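Let's walk through a few spots in this structure together, one strand pairing and then some helix packing. Keep the 3D view open as you read.

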Amino acid sequence: MQSRYKVDMAYMFTDLDLIKENQKKIDPKPIKLDELLSVIKSTPACKVLIDGEGGIGKTTLLRYLSYGWAKETDQTFQGKIVFLVNIRDINSGEDILDVMVKHIKLKHFNLNTEAPANLTTIKKFILKHENEIVLFLDGLDELKIGVDEPINLIKGEEMENCVLILTSRSENIDEYIKESDVHVKIKGFNPENIKTYITRHFKYFEAPNLGKSLTEELELNELKFGRDKHPEVYSMCKNPMLLLSVCFMWEEKKYLPTEKTVLFEAVFRSILNQYNREKNNDQNIDEFQDTPSELIDAMLVLGRGMYESLKINQLYINRKRLKGNKDTVALALKLGFVYKDSPTSKDDFKDTFSAPHKLLLEALVGFYLHKLSLQTRESRSSGNTNMNERKIMETNLLLDEGEWESIIDNDHLKVAREFAIGFLGSKADAFLNHWITNSFTTYRSLITHLRIVKEEHRFDVVNALSAHPNMTHLSIKPNIDRVCVSLMKCVHYMIPDVREDYNFLELLRNIHGIGPLFSKLLQACFTESDRLVQIICNENSSEEKGIMLAHIMIAVPKQDELLTRVHATCDDDVIRHLNSECQKLNFKYDITDFTLKQSRATSLFLIHVLSYSPRLTSLALNKYGKSGVVRDMLKEVTTRGCKLALIKLCIYDYNIGNIDGSLLASFLMLTPKLKVMSMTNCNISGGIINNMINKCCSSGHKLLLISLDISDNPLESLCGSSFASLMVIAPKLKGINMHNCKVSGHVLNNMVQSLPGKIAQLSFLNLSGNNLSHVDGGSLASLMSIRHIVVNIDVSVCNLSGEIINDMTTHFFKRGVKVEVGSLNLSGNNLSQLDGSSLAYLISNSSFLSELNVSDCTLSGDIIKAMTNDLSKRRVVELGSLNLSGNNLSQLDGSSLAHLISILSFHTKLNVSDCNLSGDIIKAMTNDLSKRGVDVELGSLNLSGNNLSQLDGSSLAYLISTSSCLLELNVSDCTLSGDIIKAMTNDLSKQGVNITLSSLNLSGNNLSQLDGSSLAYLISNSSDLPELNVSDCTLSGDIIKAMTNDLSKRRVKVELGSLNLSGNNLSQLDGSSLANLISISPFLSELNVSNCTLSGDIIKAMTNDLSKRGVEEVEFDSLDLSWNNLSQLDGSSLATLKSIFSSDTELILFE
């Protein structure tokens, strides 16, 4: 934009209204930015998804966080390396790492790291230090066609130990929400934020009185907040970009538009006026409709160019591709709507331009489409145009019907279509009449777009569309009449006294909830699938049922729900007639995701779903019906030879052992977009997989698969060399799961020998649960030394021996190659004969090994001691996680454990649970660390399941006080006493230590002698402790009562997020103490007091006390009261309890 509006980010940034969802994704709660950053800081390798509408502030938020890191004004990411990556910069064939390293200066990297200055080295450096990486990924919705989605990053399958913050618009992100650790929705500015922003804006431009008058106009000082004067302005002002425009509007005219399209007309006008001022042109545009034609022409040039880019999700325009005369194109690029892009490299000579925000780009495209719609209608009605319109059309060209079909269907044009409809207002039929076609499918889209038309215009627009000449001359008009009869029959069944003269579009819009009849239909449960099935079943014959079903499918909003209900009551005869009617109507479903669980549907039904769902991208069959159904479905699909749009196919717990591998290959050839394929526990044989791969190879067919899950199948006859060919025919394959598949070591040997020299994409290989006792150490070495980008290998419970691993490390040493894996799981194998030096070599000779799991491996203390001694001679071990749990390490001395801890890198997770460690060993360990002045830099330490009864409290205190990085400490089931914990808190108190743990687990220890004040100290001096678990600790009600009294006296606000008191006898706890605990814990979201011998009287007293304190709503995620005898709790008290806790609180009352 213009230079006048370049302001300092630190000054102008204003807090956004953020909503955080918990892990169950069912209880959204407001959260401030500093609270969100605290959650991210306290969650190791936190994966965050931030979504919100366009212009709401997602990009600005990431830039602000980057700014805080660079200027060191925020400590959240202190000591980390932050990468800000625009997803739109990722090109086909590239991945995140390619873009991360693109802007790194090789010379500076070499000077800072003394490592060779090449891109491969930098990538390995990033992966090796991924626990120090913070990755900001901006704009998932801007992902280019052909670029792999970054779902593996948020799942933690790639760069598992880095912090990730991903932003996106809110559409099509369900899987990302499910996989994220934290999901935050940006709601934009609340009234307080709006006022702050306006004040700062006008103060910066030295016009504070304008800011004051605008806040008064918006009634920001009143609770009603503009609801009388500006009922629509609130949703617009929540958007930072639109609010900035509101400020511009007020500065120019002291006038507030109340619709988004009117607002963007005002935005257009402001940009054009600013251009005029910079050109010393005194002409000021007071009303947008008075904009000079030459400026409108220039805007249409931009709109047309942006349309061509946006339809392929490209957010910039290339000057060479702009259509129009030279002067108009030059003017278009100078107006201020776009800025010239900086080259991404010295070889980048593209002359490209971008809008400062995607919403502005979409608004310009919408403006172009609305003008185009009017021109098209006028040209068709009159047959000629005036000179000015002809000049515009020379620039923008009328589109043919094929192009209009693209406009209707293109997902990237969704917001632009909304703008076009808004700009057209009561003339929206000029745009929407292109949805009047001979395809029933387009009418469903038409109704969706009718929702965007303002309610006061909707009736006229629908009438204009119904009267459009196309409606009366359609070849499908007779079928439309038939559908209307069926729909009226359904409506009449629900509402007997309804009038009979509704036309097709009126029926559709009412059933979709945007007509006057909808409220009555809703009351009659018309939209419920079971109710609709009941209507269908009232028909007499199978033919009538099938026809009725097809007609209803045209109208219902959720087709997938109706289909999943209907197959249980409709036999194949009905499905045949459904097929026939859909074919007759040329009607296709708009289903994208379809799941059947424990279904008895036939192959004919499945074939119908696939045949009439051209947009179906995900199909899941779980414990599906009769044997042979899937085989018959595949046969029919391949016989027809029609290509499917499937991206994800999942078949679980279903016997398809009778399928032909070549048939499966033929099906894969008909699903060219398939990326995820799961066939778990399906009785698939190795022969089937062999045949499938061989046919794909012989046909030269390449697969786009990125994930293949064939776990829990009997693959003992799998040919290793054939399976290795999979890497060739599926070059983008990132994950393979072959867990528990009866694969032998001989098969693995054969596979490794046949593997291509480089597997560039593979990131996950799960071979766990297979008997690999005959695998060669050399084969394992070859597998782990292939130069992948990063691979997580799981060979747990595989009957591997220590000798095999020794042999493997010997091969590494002889070949002079490094271990090229990121994560290695060897757990559950008997490695008692493993040499400590071999284990040390495996760790130290790795390029970027971040996780090593050798739990339950029969390792001895002597092996770990030898490993530690060997590693001490080498260097700091940069592991993210080391799991030694379940091994007998009773002979490990404290000094060796201390040395192991001291050489482990920053934030490493160390698990030595259930290792027969004694209190004396831990005491000796802390003494050794103290003598050597070592600060423990572990991120997590798990000591659970060890007998630490001889551990003194001061040793535990030392461990906590000197571990500045320690976030998680687990000492559950360690035979700790209350005296030990009391001594620990006393020692910490004397030192004035503020506990920085984010999770402390003391469960399963007998803490009956712990006094309440010590427990209170532990809580009150743990400012960053969101989780405390003291379940099954023999705590009494008196202890908890004393704890809450102590906290109240000191007026401490408890910052716990989760408190688990379950399994303690709290029968003596009074309700007021429990109420007190809740009221002084404003951040508490989870409280577990299950199995605590609580009575109904205690809970009743708690609710009464909370009511007396004036507590109106407690916003918990969950309150667990299960396994307490609450028989004395009366209905009134239970109702009061439910009213006090928010409606989203999960109230658990089992037993």
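Start at K340, whose bridge partner in β10 is F353. Bear in mind as you look that this is a predicted model. Two bridges join β9 to β10, the strand covering residues 352–354, and the two run antiparallel. Zoom out a little and you'll find three strands in an open sheet, ordered β8-β10-β9, with antiparallel pairing. The edges are β8 (316–318) and β9 (339–340), each of which pairs on one side only.

Now for the helices. Two packed helices are described by the angle between their axes and the distance between the axes. Take helix α21 (residues 440–450) and helix α25 (residues 504–511): their axes come within 10 Å and cross at roughly 55°. That angle makes α21 oblique to α25, and the crossing is right-handed. On the α21 side, the contact uses F440, Y443, L446 and I447, while α25 brings in F504, L505, L508 and R509. Sorted by class, that's seven nonpolar residues, no polar ones and one charged.

Further along the chain, helix α47 (residues 1071–1079) packs against helix α48 (residues 1096–1108) at an angle of about 50°, with the axes 7 Å apart. α47 and α48 are therefore oblique to each other, and their crossing is right-handed. Who touches whom here? From α47 come G1071, S1072, L1074, A1075 and I1078, and they meet I1098, I1099, A1101, M1102, D1105 and L1106 in α48. By class, the contact of α47 with α48 has eight nonpolar residues, two polar and one charged.

Conventions:
Residues numbered from 1 in each chain as written. Predicted model: local features only at pLDDT ≥ 70, side-chain atom pairs only at ≥ 80, totals over all residues. Heavy atoms only, no water. Axes fitted to C-alpha atoms, helices over the stretch in contact; angles between N-to-C directions. Helix = DSSP H or I, 4+ residues; strand = E, 2+ residues; numbered from the N terminus. Parallel < 35°, antiparallel > 145°, perpendicular 65-115°, else oblique. Left-handed = near helix turned anticlockwise from the far one by under 90°. Contact = heavy atoms within 4.5 Å. Nonpolar A, V, L, I, M, F, W, Y, C, P; charged D, E, K, R; others polar. Pairing = 2+ DSSP bridges.
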